[in-house]
Amino acid sequence: MKKHISIVVLLVLPLLFNGCGIYNFSGASTGTAESFQVNFFQNYADQSPGSTIEPQLDRDFTNSLQDLIANLTSLSLTSNGGDLVYEGEIVEYRVSPMSASANQTAAQNRLTISVNVRFYNTTKEDSDFERRFSFFFDFPGTQLLENVKGEAHEVIFERITQDIFNASLADW
């Protein structure tokens, strides 16, 4: 009998905490918001001197942010009229040498991506913000960016989208 009660408690307890819609196990505080929208993050980084042109970067980043919020909250994704609105632009995409080898070539390179984000919460306006988020990926100077780009984008997007999520919804 005790074993059955323990199993029921273990199954029901997470539903009680998650079912309230205010807090969930990701640490997100969505308040009374029911929907979110992520507007297309235009890539303006390719207009900066020294920046690399990267097609599809804007689409991939926008999708990455949408996926993270959808996976960590119970909010519905909408294309307009969202309770929570994310918008902005990619403002930096740059490869820089980090260290030189003995023959004056780059021993290590760093890809840096920066995104300017504006967040609006129509249910709690004092939480609105505009901020720049940035992260990097280091790779050997002997490798071309093209060879590590997939992994680099994944690592950088994961970190930046998590930082955006934490800044907008984590109420610790």
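Is Leu68 buried or exposed? At 16% relative accessibility, Leu68 counts as buried. The cut-off for burial is under 20% relative accessible area. The close-ups below come from a predicted model.

**View 1. Leu68 of helix α2 and its contacts.** Leu68 sits in helix α2. Residues up to four places away in sequence aside, Leu68 touches Thr161, Gln162 and Phe165. Another residue to locate here is Glu158. The C-alpha atoms of Leu68 and Glu158 are separated by 8.5 Å. Along the chain, these two residues are 90 residues apart.

**View 2. Phe61 and Phe157, an edge-to-face pair.** A pair of aromatic rings is described by the distance of the centres and the angle of the planes. The model holds 6 aromatic pairs. One of them joins Phe61 and Phe157. Their ring centres lie 5.4 Å apart, with 75 degrees between the planes. The pair counts as edge-to-face because planes over 60 degrees apart fall in that class. Phe61 belongs to helix α2 (residues 57–72), and Phe157 to helix α3 (residues 145–169), so the pair ties together parts that are 96 residues apart in sequence. Phe61 is buried, with a relative accessible area of 0%. Phe157 is buried too, with a value of 6%.

**View 3. Tyr86 and Phe119, a tilted pair.** The rings of Tyr86 and Phe119 are 4.9 Å apart, centre to centre. Their planes make an angle of 45 degrees. Tyr86 lies in strand β4 (residues 84–100). Phe119 lies in strand β5 (residues 106–121). The pair therefore ties together parts that are 33 residues apart in sequence. Both Tyr86 and Phe119 are buried.

**View 4. The aromatic cluster that includes Tyr86 and Phe119.** Which residues form one aromatic cluster with Tyr86 and Phe119? Phe129 and Phe133 do.

**View 5. Arg110 over the ring of Phe136.** Arg110 lies over the face of Phe136. The distance from the ring centre is 3.8 Å.

**View 6. Asn109 in strand β5 and its surroundings.** Asn109 is placed in strand β5. Its relative accessibility is 11%, so Asn109 counts as buried. Neighbours within four places in sequence are left aside here. Asn109 is then in contact with Val95, Ser96, Pro97 and Met98, among others. Its contacts also include Phe137, Asp138, Phe139, Pro140 and Gly141.

Definitions and conventions: Residues are numbered from 1 along each chain as its sequence is written. This is a predicted model: local features need pLDDT of at least 70, side-chain atom pairs count only at pLDDT 80 or more; totals for chains, interfaces and linings use all residues. Side-chain values use heavy atoms; hydrogens and water are left out. Rings of Phe, Tyr and Trp (its six-membered ring) pair if their centres lie within 6.5 Å; planes under 30 degrees apart count as stacked, over 60 as edge-to-face and the rest as tilted. Helices (H or I, at least four residues) and strands (E, at least two) are DSSP runs, numbered from the N terminus. Buried means under 20% relative accessible area, exposed over 50%, partly exposed in between (1.4 Å probe, protein chains only). A charge sits over a ring if NZ of Lys or CZ of Arg is within 6 Å of the ring centre and within 35 degrees of the ring normal. Contact means heavy atoms within 4.5 Å.
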